[in-house]
Amino acid sequence: MHNLSALPILYSLRNCPYAMRARLAIAASGQKVRLREVVLSQKPAQMLRASPKGTVPVLVLENKQVLEQSLEIMQWSFEQSDSSNYLLRCNAKALSVANTEQHKSNAINNSQQTDMHSLVALFDTEFKTCLEQYRSAKRYHDTQLVLHRNSCQVYLQMLEDRLSCNLYLCANTASVADLAIMPFIRQMARVERQWYLQSPYPKVRSWLDGFLQSPMFSKVMTQYPLWLEGNDDSVFGGI
């Protein structure tokens, strides 16, 4: 049993894709945190003292170190425990083989890690901009809706091509890239639902559905009561 007061504190917002991927990593790595679900119109003073940027997610560790970026929180989570190798590191089997094969395995994993980080960076910058324009065009009935959708499709095709080669985005097992990118593809799938369901990206749909229908995602999307100063924390995560 964890001492509740010794657990890290996670400030989160249920439908924020950045907070979502932080919770996904915490759940996938079996970590346990004190979850404080907030609304950004009523930012708790404790959160602002820890992180004046005023956005989620924010993770306050037991040593008072503050992680303010979702990717930092994902990295921290899997550094604590990564039995499914979401970081795409060399596994124990690779370390036990002959030197030549070990070097070969190291090169493969280094290449996969580089690819994983590059893909996340691409989607966090270029795709995120296209997605925001697409969502805004739909919301405000912009006549450029199709143009913005087409811009997003460049990145969907990129994922479709990857999923034609591997079961997941960077390998045949899920990685940080899958957890980091999935919440944003989920957002896109909701902009024009009928178009998405008929779009020429069946492997992307299957990949996304696999996550959305998983017990882990149900756990991550559980609705917790809004946290206000003085209230008890909710416990999130754990195996």
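Student: Which strand is Ser234 found in?

Tutor: In this predicted model, Ser234 belongs to strand β5.

Student: Is Ser234 buried or exposed?

Tutor: The general idea is to compare the relative accessible area with a cut-off, and buried means under 20%. Ser234 has a relative accessible area of 15%, so Ser234 is buried.

Student: Which residues is Ser234 in contact with, leaving aside its neighbours within four places in sequence?

Tutor: Ser234 touches Val33, Arg34 and Leu35, and also Tyr224 and Pro225.

Student: How should I read the sheet that β5 belongs to, and in what order do its strands come?

Tutor: Start with the order, then look for the edges. Here five strands form an open sheet, running β4-β3-β1-β2-β5, and the pairing is mixed. At the edges are β4 (66-67) and β5 (234-237), each of which pairs on one side only.

Student: Which helix packs on the sheet?

Tutor: Helix α1 (residues 17-28) does, touching β1, β2 (32-37) and β5. The direction of α1 makes about 145° with that of β1.

Student: Do β1 and β2 run parallel or antiparallel, and how many bridges join them?

Tutor: β1 and β2 run parallel, joined by four bridges. To see the pairing residue by residue, look at Ser12, which stands opposite Glu37 in β2.

Student: And in what sense do β1 and β3 pair?

Tutor: Strand β1 (residues 9-12) pairs with strand β3 (residues 58-60) in the antiparallel sense, over three bridges. For one residue to look at, take Tyr11, whose bridge partner in β3 is Val58.

Student: Where should I expect the side chains along a strand to point?

Tutor: As a general guide, side chains in a regular strand alternate between the two faces of the sheet.

Student: How many residues of β2 are buried?

Tutor: Five of the six residues in β2 are buried, which leaves this strand mostly covered.

Student: Let's turn to the helices. At what angle do α6 and α9 pack?

Tutor: A helix pair is read from the distance between the axes and the angle between their directions. Helix α6 (residues 145-163) packs against α9 at an angle of about 80°, and their axes are 8 Å apart. That angle makes α6 roughly perpendicular to α9. On the α6 side the contact is made by Leu156, Leu159, Glu160 and Leu163, and on the α9 side by Pro202, Lys203, Val204 and Trp207. By residue type, the contact of α6 with α9 has six nonpolar, no polar and two charged residues.

Student: At what angle do the axes of α7 and α9 cross?

Tutor: The axes of helix α7 (residues 176-191) and helix α9 (residues 202-212) cross at roughly 105° and come within 10 Å. That makes α7 roughly perpendicular to α9. From α7, the contact uses Asp178, Leu179, Ile181, Met182, Ile185, Arg186 and Ala189, while α9 brings Val204, Trp207, Leu208, Phe211 and Leu212. The residues of the contact of α7 with α9 divide into ten nonpolar, no polar and two charged.

Student: One last feature: how many disulfides are there?

Tutor: The test is whether two cysteine sulfur atoms lie within 2.5 Å. Here the count comes to zero disulfides. Cys165 is in no disulfide, and its nearest cysteine sulfur is that of Cys170, 12 Å away.

Student: Why is there no bond between the sulfur of Cys170 and that of Cys165?

Tutor: Because the two sulfurs are 12 Å from each other, too far for a bond. As for their surroundings, Cys165 is exposed, with a relative accessible area of 64%, whereas Cys170 counts as buried at 6% relative accessibility.

Methods. Residues numbered from 1 in each chain as written. Predicted model: local features only at pLDDT ≥ 70, side-chain atom pairs only at ≥ 80, totals over all residues. Heavy atoms only, no water. Axes fitted to C-alpha atoms, helices over the stretch in contact; angles between N-to-C directions. Helix = DSSP H or I, 4+ residues; strand = E, 2+ residues; numbered from the N terminus. Parallel < 35°, antiparallel > 145°, perpendicular 65-115°, else oblique. Contact = heavy atoms within 4.5 Å. Nonpolar A, V, L, I, M, F, W, Y, C, P; charged D, E, K, R; others polar. Pairing = 2+ DSSP bridges. Buried < 20%, exposed > 50% of the residue type's maximum accessible area, 1.4 Å probe, protein only.
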